[in-house]
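User: Please take me through this model term by term, setting each value against the definition that it has to meet.

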Amino acid sequence: VAVLQSKGVGRGRVVFWREKAALLGVFGFSEEMACLTGGHRHTPPCSAFFELADAPEASLVSKRLVDLPAGCTLAGLEAALFERFDWPSWLSGLRVEWAAGGRTVAVTSDEVLEGILAQAPAEGLLQSGSFVVHAPVAPEVVAASAPVAATAPHVQLAPTRTLRLSVNGKPYTVVDPKPSLLLVDFLRNTCGLKGTKIGCGEGGCGACTVSVVPLGAPASTQARAINSCLRLLCACDGLAITTVEGLGSQEAGFSQVQEAIAKGNGSQCGFCTPGWVVNFSTL
């Protein structure tokens, strides 16, 4: 504030920048730095995770990674979220919050968004907090013929056109995937991971088992075993997938489960053993 006053800035503007400095202080910037820079920072391009506030607790696709351009504005953020979550453009009421250090701030202006994104490393992942998204809803419609209660039309969400997932830590972006493509076929034919087998094709034998967690989930997150012969690739957006190759190999070293099965002669023909390894590893 003293710096601004020394430069002949009017009292009203001094109060404005003092309030902005206090706001930026929520995100770790000092009031002195906010005054010296005029409260303005050019944010680098970065990526951040956005989690739906009202998604079911067990949902594996409630959190999605969104790429944000340099100098991203609030309007640009909303456009990116609508595209990433495949929301129809006529929905309204999108709200975004930033949670960090036990505090929650509504992202309602370009200045607030700028203060958040300035913490991200260039071309890196924003990890100092998390975004919470309150999804937009259909506008209320009132019949003109009678004063009836407001109702919302049925919402038919557009199909996902771009999938983002990882397999054994390697990121994949799939554009316009075939709707009938199964995860097991993607793993074997696209990723070249033949350890995931196709046995019964109906989820009974377990030879196709892989484990999944949400992308960006903490290391302590409990993985879930799924049958990749029953899971469509389109249902894997936002997932981190691990196959038997990702658990261990002769080159990288075997996992404890793999070593125990080998030493204990725990396999018969061995065809479905990779599935058992993955399943045991999620327990």
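**Terms and values**

User: Where is the place of Asn 265?

Analyst: Asn 265 sits in the loop between α8 and α9, where helices are DSSP runs of H or I with at least four residues and strands are runs of E with at least two, both numbered from the N terminus. This is a predicted model, in which local features need pLDDT of at least 70 and side-chain atom pairs count only at pLDDT 80 or more, whereas totals for chains, interfaces and linings use all residues. Residues are numbered from 1 along each chain as its sequence is written, and side-chain values use heavy atoms, with hydrogens and water left out.

User: Why does Asn 265 count as exposed?

Analyst: A residue is exposed over 50% relative accessible area, buried under 20%, and partly exposed in between, with a 1.4 Å probe and protein chains only. Asn 265 has 61% relative accessibility and therefore counts as exposed.

User: What is noted about the phi of Asn 265?

Analyst: Phi of Asn 265 is near 55°, a positive value in a residue other than glycine. Most residues other than glycine have a negative phi. Asn 168, in the loop between β7 and β8 (170-175), also has a positive phi near 55°. With a relative accessible area of 31%, Asn 168 is between the two limits and so is called partly exposed.

User: Why is Ser 166 called buried?

Analyst: Ser 166 has a relative accessible area of 9%, so it is buried. It lies in strand β7 (residues 162-167), and, leaving out residues up to four places away in sequence, Ser 166 touches Pro 171, Tyr 172, Leu 215, Leu 239, Ala 240 and Ile 241, where a contact means heavy atoms within 4.5 Å.

User: What makes β7 and β11 a pair of strands?

Analyst: Two strands pair if DSSP finds at least two bridges between them. Two bridges join β7 to β11 (residues 239-242), and these strands run parallel, so the condition is met. Val 167 stands opposite Ile 241 in β11.

User: Which way do β9 and β11 run, parallel or antiparallel?

Analyst: They run antiparallel, and four bridges join β9 (residues 209-214) to β11. One bridge partner in β11 is Thr 242, which faces Ser 211.

User: What covers the buried residues of α9?

Analyst: The cover includes β9, β11, α7 (244-247) and α8 (256-263). The buried residues of α9 are Thr 273, Pro 274, Gly 275, Val 277 and Val 278.

User: Why is Phe 280 called partly exposed?

Analyst: Phe 280, found in helix α9 (residues 273-281), has a relative accessible area of 39%, which lies between the limits, and so is partly exposed.

User: What makes the nonpolar surface patch?

Analyst: Trp 276, Phe 280 and Leu 283 make a nonpolar surface patch of about 370 Å². Patches are made of residues with over 30% relative accessible area and no salt bridge, and they join like charges within 9 Å or nonpolar side chains (Val, Leu, Ile, Met, Phe, Trp, Tyr) within 5 Å. A salt bridge is a side-chain nitrogen of Lys or Arg within 4 Å of a carboxyl oxygen of Asp or Glu, and accessible areas come from the Shrake-Rupley method with a 1.4 Å probe, only the protein chains shown counting as cover for residues. Because Phe 280 has a relative accessible area of 39%, it satisfies the patch limit on area.

User: Why does Cys 236 have no bond to Cys 234?

Analyst: A disulfide is a pair of cysteine sulfur atoms within 2.5 Å. The closest cysteine sulfur to that of Cys 236 is in Cys 234, at 8.7 Å, so the two are too far apart for a bond. Cys 236 is buried, with a relative accessible area of 0%, and Cys 191 is buried at 15%. A search of the whole structure finds zero disulfides.

User: Why is Asp 86 called buried?

Analyst: Asp 86 has a relative accessible area of 14%, so it is buried. Its place is in the loop between α4 (74-84) and β3 (95-100), and its C-alpha atom is separated by 9.3 Å from that of Thr 162, 76 residues apart along the chain.

User: How many helices and strands are in the chain?

Analyst: The chain has nine helices and 11 strands. Of its 283 residues, 36% count as buried.
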